[in-house]
Amino acid sequence: MLITMTSSDGGVSDARRAAKAFVARQWPDADLGALALVVSELVANAARHAGGWWRLTVRAEGRAIVVDVDDRSPAVPTARVADTDGLGGQD
């Protein structure tokens, strides 16, 4: 079972709402707040840093919830040193 939506279907709040509704149907005891945070961060980062287009997929793998966000950027994600000055992902 899975859901998929793209940026043409809505914004970050729509992605968060769709993911929460899907997961709540599958696992009523899931931590929907944590899910909303993950979806918000991934989708917002794709919208902000990768040209705006994104595709969210949320699927069930056994008891695991898998959240994937694709974007059009050809760059492979890389780890960065933590920035603790509170300015977010700004370079």
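# A walk through the fold and its salt bridges

Good morning; let me start with a single figure, which is that buried residues make up 23% of the 91 residues in the protein chain. Please keep in mind throughout that what we are looking at is a predicted model. The C-alpha trace of this chain spans about 40 × 30 × 20 Å along its principal axes, and its secondary structure comes to 2 helices and 3 strands. If you follow the chain from the N terminus on, you will meet these elements in the order β-α-α-β-β. It is also worth knowing that, of the contacts in the chain with a separation of 6 or more, 52% are accounted for by residues 24 or more positions apart.

Let me turn to the sheet. The 3 strands form an open sheet in the order 1-2-3, and the pairing is antiparallel. Why is one side of strand 1 and of strand 3 left without a neighbour in the sheet? Strand 1 and strand 3 stand at the edges and have a single partner strand each, so there is nothing in the sheet to sit on the other side of either one. From one strand to the next, the twist averages 10°. Helix 2 packs on this sheet, where it touches strand 2 and strand 3, and the direction of helix 2 makes about 10° with that of strand 3.

As a reminder for those new to this, strands of a sheet pair through backbone hydrogen bonds, and they may do so in a parallel or an antiparallel way. In our model, strand 2 pairs with strand 3, which covers residues 64-71, in the antiparallel sense over 8 bridges. You can check the register for yourselves, since W54 has D71 in strand 3 as its bridge partner, while the bridge partner of L56 in strand 3 is V69. The two strands form a hairpin with 2 residues between them, and in the turn you will find G62, which has a positive phi of about 65°.

Now to the interior. The largest nonpolar core has 15 residues, and those that touch the most other members are A15, V39, W54, L56 and V58. Strand 1, helix 1, helix 2 and strand 2 each supply at least two residues of this core. To take one of these residues, V58 is in contact with M1, L2, I3, A19, F22, V23, I65, V66 and V67, if we leave aside its neighbours within four places in sequence.

That brings me to the charged residues, and here I would ask you first: how many salt bridges does the structure hold? There are 5 salt bridges, and I will go through them by region. In helix 1, R17 forms a salt bridge with D14, with the closest N and O atoms 2.9 Å apart. These two residues are separated by about one helical turn, because they lie 3 residues apart in helix 1. D14 is partly exposed, its relative accessible area being 31%.

A second salt bridge joins D29 and R63, whose closest N and O atoms are 3.9 Å apart. This pair links distant parts of the chain, as D29 is in the loop between helix 1 and helix 2, whereas R63 is in the loop between strand 2 and strand 3, 34 residues apart. Both D29 and R63 are exposed.

Back in the hairpin, R55 forms a salt bridge with D70, and here the closest N and O atoms are 3.1 Å apart. Since R55 lies in strand 2 and D70 in strand 3, the pair ties together parts that are 15 residues apart in sequence. R55 counts as partly exposed at 32% relative accessibility, and D70 is likewise partly exposed, with a relative accessible area of 32%.

Finally, R59, E61 and D68 are linked in a network of salt bridges. R59 sits in strand 2, which runs over residues 54-61, and the side chain of R59 makes a polar contact with the side chain of D68 at 2.5 Å. Is R59 buried or partly exposed? Its relative accessible area is 24%, so R59 is partly exposed, given that buried means under 20%. Leaving aside neighbours within four places in sequence, R59 is in contact with M1, L2, F22, A64, I65, V66 and D68. With that network in the hairpin I will stop, and I am happy to go back to any of these residues on the screen.

Key:
Residues are numbered from 1 along each chain as its sequence is written. This is a predicted model: local features need pLDDT of at least 70, side-chain atom pairs count only at pLDDT 80 or more; totals for chains, interfaces and linings use all residues. Side-chain values use heavy atoms; hydrogens and water are left out. Helices (H or I, at least four residues) and strands (E, at least two) are DSSP runs, numbered from the N terminus. Buried means under 20% relative accessible area, exposed over 50%, partly exposed in between (1.4 Å probe, protein chains only). Contact means heavy atoms within 4.5 Å. A polar contact is a pair of N or O atoms within 3.5 Å; within protein, one must be able to donate a hydrogen and the other to accept it, and residues adjacent in sequence count only if both atoms are side-chain atoms. Two strands pair if DSSP finds at least two bridges between them. A nonpolar core is a set of buried Ala, Val, Leu, Ile, Met, Phe, Trp, Tyr and Cys residues joined through side-chain atoms within 4.5 Å. Axes are lines fitted to C-alpha atoms, for helices over the stretch in contact, and angles run from 0 to 180 degrees between N-to-C directions. A salt bridge is a side-chain nitrogen of Lys or Arg within 4 Å of a carboxyl oxygen of Asp or Glu.
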